[in-house]
Amino acid sequence: MPEITLELANTIIDAALQEGRKRKLAPLAVAVLDAGGHIKALARADGASFMRPMMAIAKAWGAIGVGVSSRTLGEMGEQRPMFMNALVQVADQRLLPVPGGVLVRDSDNTIIGAVGISGDVSDQDESCAVAGINEAGLQADAGKPEE
């Protein structure tokens, strides 16, 4: 099975942080997880609050754990709040169902990890995750129909 290497993870992080700076966003934290939900790389930009890495990890961890983007998890929560409440409990409250957790797919469309970003508005976080994944030559799955 293909995997996210440390080199790819660092490429994703560098490109995502650069995208955030280009857009003049608040300081970001970026987490890259492998297919098993383990942290491959994590960075917190200067000025990002101390909870941002935990929030980034929660976005990515929920995405990889359920197999859908954190945006999709949020939509599921709106449609089925009891299911989402139960899922949060099953996950020991370690998932954050808002945009910013993006699945990473390889050229065969296999999920090989997830990227979570926190620091600015969730939609902006998500855009930076997509930019980082694209820069690494991988496919971003943010759960948007246009993707």
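Start by selecting residues 29–34 and 111–118: these are strands β1 and β4, and they pair in the antiparallel sense over 6 bridges. Keep in mind as you look around that this is a predicted model. To find your place along the pair, show the side chains of V32 and V115; V32 stands opposite V115 in β4.

Stay on β1 and add residues 39–44. That is strand β2, which also runs antiparallel to β1, this time over 5 bridges. Which residue of β2 is the bridge partner of V30? Click on A43 and you have found that partner.

Now follow the backbone from β1 round into β2. The hairpin has 4 residues between the strands, and one residue to stop at is G37, which takes a positive phi near 85°.

Before leaving β1, switch on a surface for everything else. Is β1 mostly covered or mostly open? Mostly covered: 5 of its 6 residues are buried.

Next stop, helix α3. Select residues 70–79 and colour them brightly. Of the 10 residues here, 7 are buried, so α3 is largely enclosed by the rest of the structure. To see which ones, pick out S70, R71, T72, L73, G74, M76 and G77. Yes, there is an arginine on that list: R71 is one of the buried residues of α3.

What covers those buried residues? Bring up the neighbours one by one: the cover includes helix α2 (52–66), helix α4 (81–90), strand β3 (101–105) and helix α5 (122–135). Give each a colour of its own and turn the view around α3.

Time to zoom out and show the whole chain as a cartoon. You should be able to tick off 5 helices and 5 strands. Walking along the sequence, they come in the pattern α-β-β-α-α-α-β-β-α-β. The radius of gyration is 14 Å, close to the 15 Å that the globule rule gives for 147 residues, so the chain is as compact as a globular protein of that length. If you want a feel for scale, the C-alpha trace spans about 40 × 35 × 30 Å along its principal axes.

With contacts displayed, take the ones between residues at least 6 apart in sequence: 65% of them join residues at least 24 apart.

Last, colour by burial and then by surface. Of the 147 residues, 47% count as buried. The chain exposes about 7,400 Å², and carbon and sulfur atoms supply 52% of that area. Finish by colouring the charges: there are 13 positive and 19 negative ones, and their mean positions are 5 Å apart.

Key:
Residues numbered from 1 in each chain as written. Predicted model: local features only at pLDDT ≥ 70, side-chain atom pairs only at ≥ 80, totals over all residues. Heavy atoms only, no water. Helix = DSSP H or I, 4+ residues; strand = E, 2+ residues; numbered from the N terminus. Rg over C-alpha atoms; globule rule 2.2 N^0.38 Å. Buried < 20%, exposed > 50% of the residue type's maximum accessible area, 1.4 Å probe, protein only. Contact = heavy atoms within 4.5 Å. Areas by Shrake-Rupley, 256 points an atom, 1.4 Å probe, with all protein chains shown as cover. Lys, Arg positive; Asp, Glu negative; His and termini not counted. Charge placed at Lys NZ, Arg CZ, Asp CG, Glu CD. Pairing = 2+ DSSP bridges.
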